[in-house]
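This report introduces the fold to a new reader. Please look at the sequence and the structure before reading on.

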Amino acid sequence: MTNDPSLESPIRIGVLTSGGDAQGMNAAVRAVVRTAISRGAEVYAIFEGYQGMIDGGEGIRRFEWDDVAGILGRGGTVIGTFRSKEFRTREGRLKAARNLLERGIDRLVVIGGDGSLTGLDTFRQEWPGLLAELVASGQVDAGLVAAHERLIIAGLVGSIDNDLVGVDSTIGADTALHRILEAIDAISSTAASHQRSFVLEVMGRHCGYLALAAAIAGGCDYVLIPELPPTEGWEDEMCATLRAGRARGRRDSIVVLAEGATDQQGNRISSDYVRGVIEERLGEDTRVTILGHVQRGGTPSAYDRWASTWLGYEAVDEVLTASPDAEAKVIGILGNGVVRIPLMRAVKDTQRVPELIRSGDYSAAMQARGPSFTELVTTFSELSHPASFTAPAEGKRIAIVHAGGLAPGMNNAARAAVRLGVSRGYHMLGVMNGFAGLRKGNVTELGWDDVEGWTGTGGAELGLRRAVPAMEDLYKISRAMEDHAIDGLMVIGGWNAYQAAYLMHTERDRYPAFQIPIVAVPASIDNNLPGTELSIGSDTALNVNVSAIDMVKMSGAATTRCFVVETMGRYCGFLALMSGLAGGAERIYLNEEGVALGDLAADVEWLRGSFEKGRRLFLAVRNEKASESYTTEFIGQLLEGASNGDYDVRTSIIGHIQQGGEPTPSDRLLATRMVSRALGQLDEELRAGSDNSWYVGLQQAQIVTSPMGHMLDHVSTRRRRPKQQWWMQLRPVVRAVAEEPGA
Ligand code: ATP
């Protein structure tokens, strides 16, 4: 018989990871633990999945703030995961209920796959019955049960496959894509050296997301996924595609295969079979690489850190605020927002997809995956099987120009623009060196093959210039546009690119050459452009920052040290806030909020106390224009001055490496999707003979366009940023995981 330890006790939340591990699970666990503590609850880590709950004892441990220190950047899950057979039985769940009850835990956050969430829902449904049984058998006191009549739960999906229906991304999928792209980039160079073909097998038993996204982002030749089994004779089609690529001078050929790929009869297509087909029919030396568990390994990407942190924060909110009778929820990311969807509906929809595939209803399987997935399929098919490799003589002429600062992914955007444009019947013209180049008439037609190899490289092959054209340049620019008979313009770049596009649009009455459709595509590490939640390059810069922060932190691991890291972004705090969230910063200084001397003084005071209590590391991230007066150096000196020798201080300005780096998978995909939409818009305008201009954006997972004429309504021109910035809603999340109450 157990006495009631929970009378007047605080709310107690349990957290566990179950099923396959995924990078980002640690970030979620950390956020659950810290948010719970910030909200005044006690939190218990349950080790080895559901098994820890059944075993009790050391399997369920109270966690304090520091128990999750230093885990944000670690792969896997520090609290262990397990596939507990016992939890599938009622006896197992009875033991689990007793162990939770004894500790007064009646709220659970579970991070796992659809199986884990099914088990969680069963447990919740059974909870009152399990409790009644425990009372009836005299194992627990009825008074204890009365205090915990209901189990309140929240599910987060950890799955590198990205297979949960109803959300855009699951914990671990972005990092897995990073690992795959690292492999593709490495394989491309060796394949190209020997003119070899490679078959790359990636994870995804029932979901082709990883294979499909990797094939687009890696510029691969052919892809096989479970949702779209190839039709009979696909081997001929695949070989024809590879042969055509070789004939056009492609030196490396890569076929990406999801591990669950089958033919239309449901027979598994093995990577070895694909290799055999290529070797036999094309006579090519072909190698197989099965990536396997590498995809689950390594440090989580910036996205998997900040998104999982956000999800962990929301999961605690859910278990603290949900009514016990409300339907249980799974919490996921849709677009760049958090959604709470009925847990069992999400699980059932997810589990239905393999059934649809098995029954041969592929269109329903595709529909279940959602519009973004279908869009990826269409885009890959257009890139790998273009309607044409050359534009017809009468095709209209679209010029591409980069402007503003450099953003990783510009090459992907230009490559996709050229290939999709040519396939859609346009002559694609590359302007060299931005508007300065356009002024000089530095324009060349780019064919399908001219952009070969532009997928994995940073920089901008077309060159770019920062400057917005001056009024006196417009005449020469308009002349050059007439000389090159430009019918439509795609401007890819940052703030200055948008200014230039806007200027040309508003000056079109004076310059007939500007009476053409213009579409601006956002590419800026600052992520400060209107009409879009993300711009091309910002995810890469974020990943560069997070790696830099990881290294900076490691450099201080052997001592007691304070770091003040400065990020780019001009007046936009996106990079600072998200780098701080993903890098585990204690303080973040943004221009959006300003920096007050009083706040700095309070921070210094807090810091001194915190080091006195044993802190070894402190990290502040400051946006480069957070404050005119309180520079990074100033903040460093302020902290140093208060140190009393308890810690030393280092400042680190990350600088231009933020604009370098190979584009991340996410930036490559975004570039391709945005450019495809931009071409679609240009196509509409050209067909209508109009000179409307637009800018492209990502909004709630969709690629949309907004009219250029209204651009100024949505931005602060003085601060060079949009008036509404979605990521500012993450501010409370940063506070919850960074500021230990009472510390
Ligand atoms: P992954 O997608 O990585 O395989 P998953 O959560 O789907 O993750 P499963 O092996 O299906 O992985 O489930 C993990 C654990 O969740 C199981 O070992 C079991 O403890 C519990 N579980 C799964 N399904 C159920 C169920 N129907 N009833 C009770 N518990 C279950």
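Across which strands does helix 18 lie? Helix 18 (residues 538-555) lies across strand 17, strand 19 (617-623) and strand 20, and runs at about 160° to strand 17. Helices (H or I, at least four residues) and strands (E, at least two) are DSSP runs, numbered from the N terminus. A contact requires C-beta atoms, placed from the backbone, within 7 Å. Axes are lines fitted to C-alpha atoms, for helices over the stretch in contact, with angles from 0 to 180 degrees between N-to-C directions.

The model is predicted: local features need pLDDT of at least 70, side-chain atom pairs count only at pLDDT 80 or more, and totals for chains, interfaces and linings use all residues. Residues are numbered from 1 along each chain as its sequence is written.

The two open sheets below are built from paired strands (at least two DSSP bridges between them).

| Strand order | Pairing | Average turn between neighbouring strands, direction ignored |
|---|---|---|
| 18-19-17-20 | parallel | 15° |
| 3-2-1-4-5-10-11 | mixed | 25° |

In the four-stranded sheet, strand 18 (587-589) and strand 20 (648-653) stand at the edges with a single partner strand each, so one side of each has no neighbour in the sheet. Strand 17 (residues 561-567) pairs with strand 20 over six bridges, and phenylalanine 563 stands opposite arginine 650 in strand 20.

In the seven-stranded sheet, three bridges join the parallel strands 5 (residues 152-157) and 10 (residues 329-334). Helix 4 lies across strand 4, strand 5 and strand 10. Helix 4 (residues 114-136) also gives the most to the shell around the ligand, with six residues.

Conventions
Contact = placed C-beta atoms within 7 Å.
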